[in-house]
Amino acid sequence: MSALSVFYTILFYTAATIFVVGLAYRISDYARTPAPLKIPTTPAPTTQAGVVFRLFTEVALFNSLFKATKWTWLFGWMFHLSLLLAFFRHLRYVLSPDSVFWPIINNWLVLFAGQYGGFLMLIGLAGLFGRRIFVDRVRYISAPSDYAMLILIFAIAATGMLMSFVNHTDIVQLKAFAFGLVTFNPQNLPEDILVLTHLALVASLMIIFPISKLLHAPGIFFSPTRNQVDNPREQRHIADWAKELEADRK
Amino acid sequence: MADFEVPVITNDYTVVPKLKIGTMAHSQPFIAKLEFQEPLGYPGELIDNWKEVVIDKLKEMSGKYRSLKVFLDSCIKCGACTDKCHYFLGTQDPKNMPVARQDLLRQVYRYYHTFAGRLFAKLGIPGFVGAKELTKEVIDDWYIYFHQCSQCRRCSVFCPIGIDTAEISMAAREILAQIGVGQKYCNQIIEKAGRIGNNLGLPEPALRDTLEGLEEEIEEDDGVAVKLPLDVKGADILLVTPSADFFAEPHVDGLMGYAKVFHEAGVSWTVSSYASEAANFGMFIGSYENMRTLSLRVRKAAIDLGVKRIVFGECGHAWRVAYSFLNTLAGPFDFLDQNYPIPQHICEFTYDMIEKGELKFDKSKNDDMTLTFHDSCNVARGSRMGDKPGGQFKIPRAVIKAACNNYVDMPSDTIGESTFCCGGGGGLLTDDLMELRVKGALPRATALTHVTKEYGVTHMAAICAICKSQFTKVLPYYGFTMDQIVSVHQLVSSAIILSDAPKDDDETNETDAA
């Protein structure tokens, strides 16, 4: 293996470890932290099934954001949708053609949507960036890292699309590298600048995920205003630490 | 009239104002002195090691409240909330944008309790990731701007992650109190409610006197001996109502309305002098312990009086604490009649009676008014009425419409779940915050002006003691009169036909079974 391939292999295993362990730690931390009071933003569902539906509309359609501002909703939803499409398109690098999932991801629709979805991603990100610059309220609340995050993802999308539309890389070798990573059988990667940049940026994104606002992804599932059932009168809800206060009661 | 500039109402209430930095940096409520801090378990003045305590408290509280932890981590700074706060719309101060308000606390949390914050602090550029070192200036900003949030939750409706600034404000106020910087208005009231039984400090004899006076008033007006009982053991229903209902207009007219409804329903009921307060200011200062102590008074009163049901009067944040938290804080209420909601809202009670056809109204008694209804923020977004989501919007309106012929809603983006706070909620209903209260009422005043011009609305009904007090005080700044704010049960009181009333032959009543 080339030195560069060894470096990227180590980089990806490190990034993946930080991503998985970091995220698992966050999720378990959120799950273990008690929510001592019932605080769903009402009107709220009165059943668990209703809560699942509410969360689905939030995660899939950005329901609340839609109520708030149509432009941010449009750009944000476009961006996240294209992220999902890109994810499915990239599965072909890590799945074996023998996999049962292969026909699902290796078809015209997924590959086309994944490829051209890239334009949606660039437009969405540019729109979000534009709002940060031109809307005085959003500019006021933006830290440098908020711009940097958008630039990072924009650069990932741009390098990916350049490879897809302009300057094709050695796709067979790339697949060998990616598949080698997930099967713990490291292989060389094609050493052209676009691939190297694209992969380095993706690894950075994985590393900063568990220590940044990207935590909104698991966060929304643990948001008590969205995930609680509205039934406080019917069912007593009490945290362990609050129960300890009741020692003074008969 | 005021020593500040009252905002001008424009007809277009959808315009989002430009930022004006620092317009409200001078606004802050009186700080609580020793005598109001100590009874609540807080130090009497700023402690020496405030910095360490704040940092530790932040950690401790984010471990006790999932809301705080998740909300501090998850904000993506998308800006969805930036134009949703009535205080921002009324003051243009950027620190009154919900996300900017949260960031006052989030920046400190990031600096001390997150990897990214600590790393970039070491690199000398904490601001890169929105982190900031804790200084006395930051604490001052907390005190100023976390007392410009009425915990109304409007921002949380629009946040894609569901972040509720109220949770952050409550945590910040609790931390401030812990280092000796509590708010006088709230703490004074909590102490009074915990010692005497209500926020006004009305002792039992005064309460008895007041209730007897109201009985006489009703008998004079309607010729019916409607009772307003106090501390009656064995009554079916314990009424817990905001103490404003005992003396101030238009609150007291609402209380007479509840009494008439109970009278017509033929139920026995009582007020408790021990728990003569529905409002629970423990929530405003973010103190679970203080909120719990006050809630336990309701439990004790219910046990001591041997009642079967608990009904709450018209009060917004009180209903949130009652509906959402009472079972948690002071439950289980297995000793009460399980066939009724515990607790029940007076509007639910009246609505049930109307549905059963047990109340009769002469709607023409309210024909001098064209009504609209102000959804109180904490009823709208922090509670429910009835058994279906949204009952908190439907039921009070149904009660109003049963008692009135003329009703019009304000624009849809200013009511229901999008309702604007009155501007005085969340522990801000104090004279030392008058400028904030007037400016915070701008969005509601604008919507009210709209329906006044378009549909000839003359009165606005509300179901919250704070809303009623706030509006009677601040709406005159916008050209309205004090008496344009009415209680929902005041309308009920005017129109209800008491079945044992002496027949009035001169008048042919238009009865309506509703």
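Chain A of this predicted model has 13 helices and zero strands. Read along the sequence, its pattern is therefore α-α-α-α-α-α-α-α-α-α-α-α-α. The C-alpha trace of chain A spans about 75 × 45 × 35 Å along its principal axes. Chain A has 250 residues, of which 32% count as buried. Among the contacts in chain A with a separation of 6 or more, 73% join residues 24 or more positions apart.

**Where the chains meet**

The contact between the two chains involves 56 residues of chain A and 59 residues of chain B. On the side of chain A that touches chain B, the elements giving two or more residues are helix 3 (63-68), helix 4 (70-94), helix 7 (136-141), helix 8 (144-165), helix 11 (216-222), helix 12 (224-227) and helix 13 (240-244) of chain A. Helix 7 of chain A supplies the largest share of that side, five residues. Sorted by class, the side of chain A that touches chain B consists of 28 nonpolar, 16 polar and 12 charged residues.

**The domains of chain B**

The domain assignment divides chain B into domain 1 (34-182) and domain 2 (190-408 + 457-495). Taken over C-alpha atoms, the centres of domain 1 and domain 2 of chain B are 33 Å apart. Their contact takes 14 residues from domain 1 of chain B and 11 residues from domain 2 of chain B. On the domain 1 side, helix 8 (154-158) and helix 9 (165-178) of chain B are the elements that give two or more residues. Helix 9 of chain B gives the most to that side, with five residues. By class, the side of domain 1 of chain B that touches domain 2 of chain B has eight nonpolar, two polar and four charged residues.

The table sets out the classes for three of the contacts described in this report.

| Residues considered | Nonpolar | Polar | Charged |
|---|---|---|---|
| Side of chain A that touches chain B | 28 residues | 16 residues | 12 residues |
| Side of domain 1 of chain B that touches domain 2 of chain B | eight residues | two residues | four residues |
| Contact of helix 2 of chain B with helix 5 of chain B | five residues | one residue | one residue |

**A helix pair in chain B**

Helix 2 (residues 50-64) and helix 5 (residues 98-113) of chain B pack with their axes 10 Å apart, at an angle of about 90 degrees. Helix 2 of chain B and helix 5 of chain B are therefore roughly perpendicular to each other. Helix 2 of chain B brings Ile55(B), Leu58(B) and Lys59(B) to the contact, and helix 5 of chain B brings Val108(B), Tyr109(B), Tyr112(B) and His113(B). The residues of this contact comprise five nonpolar, one polar and one charged.

**Nonpolar cores**

In soluble globular proteins, nonpolar side chains tend to be buried together. The largest nonpolar core here has 179 residues, and those touching the most other members are Phe281(B), Phe312(B), Val399(B), Ile400(B), Ala403(B), Ala461(B) and Leu491(B). Helix 14 (residues 316-330) of chain B gives the most to this core, with nine residues. Domain 1 and domain 2 of chain B each contribute at least three residues to this core. Another core, of 15 residues, lies apart from it and includes Met121(A), Leu128(A), Ile156(A) and Met161(A).

Phe312(B), one of the residues listed for the largest core, can be followed further. Not counting residues up to four places away in sequence, Phe312(B) touches Val240(B), Thr241(B), Ala278(B), Ala318(B), Trp319(B), Ala322(B), Pro343(B), His345(B) and Ile346(B).

Technical notes. Residues numbered from 1 in each chain as written. Chains lettered and ligands numbered in written order. Predicted model: local features only at pLDDT ≥ 70, side-chain atom pairs only at ≥ 80, totals over all residues. Axes fitted to C-alpha atoms, helices over the stretch in contact; angles between N-to-C directions. Helix = DSSP H or I, 4+ residues; strand = E, 2+ residues; numbered from the N terminus. Parallel < 35°, antiparallel > 145°, perpendicular 65-115°, else oblique. Contact = placed C-beta atoms within 7 Å. Nonpolar A, V, L, I, M, F, W, Y, C, P; charged D, E, K, R; others polar. Core = buried A, V, L, I, M, F, W, Y, C linked by C-beta atoms within 7 Å. Buried ≥ 20, exposed ≤ 12 C-beta atoms within 10 Å, placed from the backbone. Domains from an automatic or database assignment.
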